Every structure is written in C-alpha cells, then in structure tokens.
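Student: I'm new to this one, so please pick a single part and walk me through it slowly. I'd like to know what sits around it, too.

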Amino acid sequence: STIMLNTIGIFSGNKDFSIVSIRGIEYMLRPNQSKIVQVIYESAKEGVTGLPYREIANRTDLTIHGKMSNYFQAELRVKDLFKYSKRYQKYFLITE
C-alpha cells in the first residue's frame, strides 16, 4: 500500500507524485507527468484555481510550445486527472 501524503478532496498523491489516486483509482505517472501534477497540486494548496499550460511549462521546465496532451497520451489521458476550462484556458486537478 502506497502512502498518499498529498490530498485534496478525492485526489491524493504519494510523496513525489509518481503514484496518484482519484476516486480510489491509482495511476502510475512518468516523471514529466509527476512534475505537472505536482505543480498544479501545489498551486491548488496555495489557493490558486487552475493554471494555464504556459505557466505549468514554465514551472516544470517543459516546452512551452507543446501542449498538455503531449504528456498524457497512452493509457493515461489529461481528462483522467484534470478538468480544463476553455473559458479561462486553465487546468485544474480533479478534486471533487
């Protein structure tokens, strides 16, 4: 059993976000996916509601010319972990 230290609502993640869980479904994350989740999680804990991809890229040293779906293409999709607001062009962790 993995110890989930980082929790908001129905979202939880282990220490380095290599394993996260939403509604009890566990996902194993690759390093860049973990970085993305950690940045959005930490901003949510600080009260920031959602981040645009460009801000996520800047905070994680990922390419700003890419897009979020580039990092979530195989068995794990962006929509599995995040809500996206087209209006605000921001990504939010699924926490409820």
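Tutor: Let's start with some vocabulary: a residue is buried if its relative accessible area is under 20%, exposed if it is over 50%, and partly exposed in between (1.4 Å probe, protein chains only). This is a predicted model, where local features need pLDDT of at least 70 and side-chain atom pairs count only at pLDDT 80 or more, while totals for chains, interfaces and linings use all residues. Residues are numbered from 1 along each chain as its sequence is written, and side-chain values use heavy atoms, with hydrogens and water left out.

Let's warm up with Ile-10, which counts as partly exposed because its relative accessibility is 30%. Ile-10 lies in the loop between strand 1 (6–8) and strand 2; helices (H or I, at least four residues) and strands (E, at least two) are DSSP runs, numbered from the N terminus. Leaving out residues up to four places away in sequence, Ile-10 touches Ser-21, Ile-22, Arg-23, Ile-94, Thr-95 and Glu-96, where contact means heavy atoms within 4.5 Å. Take Arg-23: in sequence, Ile-10 and Arg-23 are 13 residues apart, yet their C-alphas are 5.4 Å apart in space.

Now for the part I'd like to look at closely, helix 1. Its 15 residues, 31–45, reach 21 Å from first C-alpha to last, close to the 21 Å expected; that expected span is 1.5 Å times one less than the number of residues. The buried residues in helix 1 include Ile-36, Val-37, Ile-40 and Tyr-41. In general, an α-helix has 3.6 residues a turn, so residues three or four places apart point the same way. Just after helix 1, Gly-47 takes a positive phi of about 90°.

Tyr-41 deserves a longer stop. Rings of Phe, Tyr and Trp (its six-membered ring) pair if their centres lie within 6.5 Å; planes under 30 degrees apart are stacked, over 60 edge-to-face, and the rest tilted. That rule gives 5 aromatic pairs. One of them is Phe-11 with Tyr-41, tilted, with 5.9 Å between centres and 35° between planes. Phe-11 sits in strand 2 (residues 11–13) and Tyr-41 in helix 1, so this pair links distant parts of the chain, 30 residues apart. Phe-11 is buried at 0% relative accessible area, and Tyr-41 is buried at 6%.

Phe-17 and Tyr-41 are also a tilted pair, at 5.2 Å and 55°. Since Phe-17 lies in the loop between strand 2 and strand 3 (19–22), the pair ties together parts 24 residues apart in sequence. Phe-17 is buried as well, at 1%.
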